[in-house]
Amino acid sequence: MPAIEPSLSPAAAIPQWLRLLRLLPARTPGKSRLARWCIHRALKGREADISTCGLTFRVPSTHEPVAMGLIADGQYETGLCRALSTILHADSIFFDVGANVGVFSLFSAQQWCPKGRVLGFEASPLIYSYLHHNAQRHQFPALKVFNRAVTEHSGDHLTFYDAPLAKFGMGSLVNRFGTSGVEVQTISLDEAAAENNIARVDVIKVDVEGFELGVFKGATHLLSQIPAPIIFFEFNDWAEERDETHAGDAQRYLHDMGYITVPLDAWLRGDRSPHDPVVSGGTDLVAFKSNQTHSK
């Protein structure tokens, strides 16, 4: 499917004074509230081009957390950025599942593994148009992007439901916002690796709004390799609780595959001890196998 270039409205310019927010550390008390107020007041949720670290990202709305993080911190999810910058080598192979507008894909192709390979997957045709636009703007040799829903099987056609633009990162295979659906084609990570002549993957990032279990089930070959990829993924209890899945199922599956899971904050502090599945609330997690080390 050819990408549709973003054209919702003329892209807003980011006022220079908003960049002063980047002088405050990301975890400064009250920074998020201040940044939200300033960004809403200055930009009113418009489509915008956000420049940071030599990259420019077109985003559908400045109301959404991805956009606000890029404006206020120059990054999105600073802890995950720190982890990826530590783990990825210049020639690493990185799969970005749920790539959104391309924050982690582009940072990886530019800085963290510019001599390796970066594959970014985004299910939403609308959000993929921004991912494709941002990838085309920079033309990094390492980067390829795909408009596919990553699931257990390849070649299926499923209905994807976008979120409102102010929450553009929360589109899903479940209709949580009462929006109209669009048909998307599926691919498994094992199939994606085979189609792109990739024998091993070093790091996988997964953010698919509660459908992580299907991603992992479609990557049994990759997850069984030696060394196995380290995985960064998001957990939210409300997103995993559906008729066919329960909170913590994705973690349980990884444990059965020989992985250890640790909350990202604890992992960044050096914790490598096995943890029971998280089954309530929400957190970012890291999965790895105990007989492997991953650091530069």
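**View 1. Helix α5 has the span expected of its length.** Helix α5 covers residues 125-138 (helices are DSSP runs of H or I, at least four residues, numbered from the N terminus). Its 14 residues should span 20 Å at 1.5 Å a residue, and its end C-alpha atoms are 20 Å apart, which agrees. The expected span is 1.5 Å times one less than the number of residues. This is a predicted model: local features need pLDDT of at least 70, side-chain atom pairs count only at pLDDT 80 or more, and totals for chains, interfaces and linings use all residues. Residues are numbered from 1 along each chain as its sequence is written, and side-chain values use heavy atoms, without hydrogens and water.

**View 2. Helix α5 is largely enclosed.** Eleven of its 14 residues are buried (under 20% relative accessible area, 1.4 Å probe, protein chains only). Among them are Tyr128, Leu131 and His138. Their cover includes α4, β4 and β8. Gln139 follows α5 with a positive phi, near 55°.

**View 3. Strands β6, β8 and β7 form an open sheet, in that order.** Strands are DSSP runs of E, at least two residues. The pairing is mixed; two strands pair if DSSP finds at least two bridges between them. The edge strands, β6 and β7, each pair on one side only. β7 and β8 run antiparallel over five bridges. Thr159 has Glu183 of β8 as its bridge partner.

**View 4. Lys289 is buried yet has no salt bridge.** A salt bridge needs a side-chain nitrogen of Lys or Arg within 4 Å of a carboxyl oxygen of Asp or Glu. The nearest side chain of opposite charge, Asp190, is 11 Å away. A polar atom of the Lys289 side chain lies 2.9 Å from the backbone oxygen of Leu223. For Met257, the backbone oxygen lies 3.1 Å from a polar atom of that Lys289 side chain.

Note on methods. Buried means under 20% relative accessible area, exposed over 50%, partly exposed in between (1.4 Å probe, protein chains only). Lys and Arg count as positive and Asp and Glu as negative; His and the chain ends are not counted. A polar contact is a pair of N or O atoms within 3.5 Å; within protein, one must be able to donate a hydrogen and the other to accept it, and residues adjacent in sequence count only if both atoms are side-chain atoms. Contact means heavy atoms within 4.5 Å.
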